[in-house]
Amino acid sequence: MSAVDEKTGTFASRPVTSSDLLQWAVINNATKKEDAPYQANPVKHEPIDPKWVDVILGKSDSVRMKGDDHPCLLAKSPNLTLVLPTSECVEILQDKTKDLDEKLAAFDELEMLVESLDNANDMRNLGLWKPILTILKEDPEAEMRAFAAWVLGTCVQNNPPAQRDFVAADGLPILLNALSKDKDSEVVAKCMTCLSGLVRQNPSVYDQLAIVAGDGSKMGLKPVLNILTKSATATLLKAQKRAVFFLDGLIGGTSGEEDVVVAKAVEDAQAQEWATTIGDLLDSNSSVDKDLFEKVMTAKVFYSCLLS
């Protein structure tokens with residue numbers, strides 16, 4: 001690089017020095033009040049189009065979760081969707097023109113986003129609980145219902161504010177109905193995980209288990225116990241294992257359950273004969289794996305000692 005002669009404005013033959021660079025920087029950052037020469041006609045820079053900020057930096061998580069109707073969304077061009085195809089997750093999930101693969105990809109993106117507690121807590125502000133719960137309740141595709149339960153379970157895990165928002169959105173009756181009535185074992189397993197994360201450290205939610213049901217009946221933990229009475233298939237076994245772990249944790253507090261939850265669970269275990277139901281699982285299923293067998297036997301011994 002060559003230096004520029006100040007008098008002629010032409011390039012000098014000598015190389016650029018640090019002094020030249022310093023002088024250039026001073027001149028180009030000068031103001032009227034400074035000693036350095038002031039340029040009467042400074043170069044005007046055009047403002048950066050927000051769409052290119054989106055392309056370079058990516059959209060905010062709230063926009064990626066909800067979509068174009070969120071007020072934080074910056075202006076965008078038709079080509080931007082091509083650049084960020086999975087950005088408007090819930091918008092894609094509700095779009096009837098999208099195929100199943102596109103919706104599952106959007107669900108995968110959403111599940112990753114709500115792993116952040118901040119994003120999970122934004123579900124209420126963005127109005128996303130209802131759409132996800134509606135999918136769990138009504139969508140004809142089992143994969144969609146399973147993904148909905150997975151997202152909900154991720155949101156409420158170790159997250160009291162999201163747990164309260166879930167209950168406020170009338171999520172508990174929908175979850176228990178899906179746990180009790182859904183025909184797909186993967187959906188049931190994901191619902192079991194969601195219920196486990198919701199109840200373990202939240203006594204108020206445990207109290208409401210005796211109240212909620214779409215038809216006004218009191219379901220309590222009956223859907224969980226009913227899972228154990230069904231004939232096991234390879235996929236249902238996953239849900240049954242999670243149900244046993246869940247009930248065992250409620251009694252023993254082995255998964256960080258609150259003491260109040262444990263105390264109430266002991267009362268329910270006595271009244272509903274959990275030990276008998278769990279024990280019957282071994283009698284009715286020949287495909288119980290070693291891990292589940294050990295957990296069932298541990299639970300039976302624990303219940304026998306605790307409830308005797």
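Is C191 buried or exposed? In this predicted model, C191 is buried, with a relative accessible area of 0%. C194 likewise counts as buried, at 0% relative accessibility. The sulfur atoms of C191 and C194 lie 6.9 Å from each other, and for C191 no cysteine sulfur is closer than that of C194. Because a disulfide requires two cysteine sulfur atoms within 2.5 Å, the separation of 6.9 Å is too far for a bond. Seen from the other residue, C194 takes part in no disulfide, its nearest cysteine sulfur being that of C191. The structure as a whole holds zero disulfides.

The chain comprises 308 residues, and 42% of them count as buried. Its secondary structure amounts to 18 helices and two strands. The accessible surface is about 17,100 Å², and carbon and sulfur atoms account for 54% of that surface. Contacts were also considered by separation along the sequence. Among those between residues at least 6 apart, 60% join residues at least 24 apart.

One pairing of helices involves α6, which spans residues 100-113, and α9, which spans residues 142-156. The axes of α6 and α9 come within 10 Å and cross at roughly 10°. Because angles under 35 degrees count as roughly parallel, α6 is described as roughly parallel to α9. On the α6 side, the contact is made by L100, K103, L104, F107, D108, L110 and E111. On the α9 side, E143, M144, F147, A148, W150, V151 and T154 take part. By residue class, this contact contains nine nonpolar, one polar and four charged residues. The spacing of contact residues along a helix can be read with a general rule in mind. An α-helix has 3.6 residues a turn, so residues three or four places apart point the same way.

Beyond α9, the chain enters the loop between α9 and α10, where N158 is found. Phi of N158 is positive, near 50°, although N158 is not a glycine. Most residues other than glycine have a negative phi. N158 is also touched by L117, a residue that makes contact with N159 as well. L117 belongs to helix α7 and counts as partly exposed, at 45% relative accessibility. The C-alpha atom of L117 is 8.5 Å from that of A162, although 45 residues separate L117 and A162 in sequence.

Helix α10 covers residues 160-168, and its buried residues are A162, Q163, D165, F166 and V167. The buried residues of α10 pack against several helices, namely α7 (117-125), α8 (129-138), α9, α11, α12 (185-199) and α13 (203-208). D165, in helix α10, has a relative accessible area of 13%. D165 is therefore classed as buried, since the cut-off for that class is under 20%. When residues up to four places away in sequence are not counted, D165 touches N121, R124 and W129.

After α10 comes D170, a second residue considered here for its positive phi, near 60°. D170 is not a glycine, and its place is in the loop between α10 and α11 (171-181). At 47% relative accessibility, D170 counts as partly exposed.

Two further positions lie in helices α15 and α17. G249 is located in helix α15, residues 236-252, and is buried with a relative accessible area of 0%. G249 and A265 are separated by 16 residues in sequence and by 9.6 Å between their C-alpha atoms. T277 is placed in helix α17, residues 274-284, and is buried as well, with a relative accessible area of 15%. The contacts of T277, not counting residues up to four places away in sequence, are with L225, L228, T229 and Q272. The C-alpha atoms of T277 and I227 are 9.9 Å apart, while T277 and I227 stand 50 residues apart along the chain.

Note on methods:
Residues numbered from 1 in each chain as written. Predicted model: local features only at pLDDT ≥ 70, side-chain atom pairs only at ≥ 80, totals over all residues. Heavy atoms only, no water. Axes fitted to C-alpha atoms, helices over the stretch in contact; angles between N-to-C directions. Helix = DSSP H or I, 4+ residues; strand = E, 2+ residues; numbered from the N terminus. Parallel < 35°, antiparallel > 145°, perpendicular 65-115°, else oblique. Contact = heavy atoms within 4.5 Å. Nonpolar A, V, L, I, M, F, W, Y, C, P; charged D, E, K, R; others polar. Buried < 20%, exposed > 50% of the residue type's maximum accessible area, 1.4 Å probe, protein only. Areas by Shrake-Rupley, 256 points an atom, 1.4 Å probe, with all protein chains shown as cover.
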